[in-house]
Amino acid sequence: FKGSYMRYRCFCFATLIRAAINACGWTKKYGVLRDLLEECESHGAFERSAALAIWHGDIGECVAALQRGAEEVRALVQDTSNHQSSHANHNLETYAETLNLIAICVAGFNVT
């Protein structure tokens, strides 16, 4: 009985999420989750992209968005290493490491 109740709760929760997504207009405006995530990431909002992926129940896409964000920040550090102070570069490197650490934590999450 407990297993069927949990499946029912998950189904109801997923239904509520889809209703919220429709109410926000995301389904009509973006159609596909990937389009929405690409739009966020094109503006450098990798954290938002990851959060939206989790909201849509796609843990793998969340991890990928965080990893892409970390890669972009590292590329920014490489491009600006001669123009910015070492303190600013250190902050960016720390930020990239934080994004990777969060990606690792999310990747290890298992819904049971």
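Where is the place of Gln 67? I began with this residue, keeping in mind that the model is predicted, and I found Gln 67 in helix H5, which covers residues 59-80.

Next I looked up how far Gln 67 is open to the surroundings, and I noted that it counts as partly exposed because its relative accessibility is 37%, between the cut-offs of 20% and 50%. Setting aside residues up to four places away in sequence, I saw that Gln 67 touches Asn 100 and Ala 103. I also looked up Phe 46, which lies 21 residues from Gln 67 along the chain, and I recorded 8.8 Å between the C-alpha atoms of the two.

Phe 46 led me to helix H4, residues 46-55, and to its partner, helix H3, residues 33-42; I noted that their axes come within 7 Å and cross at roughly 160°. H3 is therefore roughly antiparallel to H4, and I wrote down that H3 passes H4 in a right-handed crossing.

I then listed the residues that meet there: Leu 33, Leu 36, Leu 37, Cys 40 and Glu 41 from H3, and Phe 46, Arg 48, Ser 49, Leu 52 and Ala 53 from H4. Sorted by class, I have seven nonpolar residues, one polar and two charged in this contact of H3 with H4.

Is Ser 49 buried or exposed? I found Ser 49 in helix H4, and I entered it as buried because its relative accessibility is 0%, which is under the 20% cut-off. Leaving aside neighbours within four places in sequence, I noted that Ser 49 is in contact with Leu 37, Cys 40, Glu 41 and Ala 65.

Note on methods:
Residues numbered from 1 in each chain as written. Predicted model: local features only at pLDDT ≥ 70, side-chain atom pairs only at ≥ 80, totals over all residues. Heavy atoms only, no water. Axes fitted to C-alpha atoms, helices over the stretch in contact; angles between N-to-C directions. Helix = DSSP H or I, 4+ residues; strand = E, 2+ residues; numbered from the N terminus. Parallel < 35°, antiparallel > 145°, perpendicular 65-115°, else oblique. Left-handed = near helix turned anticlockwise from the far one by under 90°. Contact = heavy atoms within 4.5 Å. Nonpolar A, V, L, I, M, F, W, Y, C, P; charged D, E, K, R; others polar. Buried < 20%, exposed > 50% of the residue type's maximum accessible area, 1.4 Å probe, protein only.
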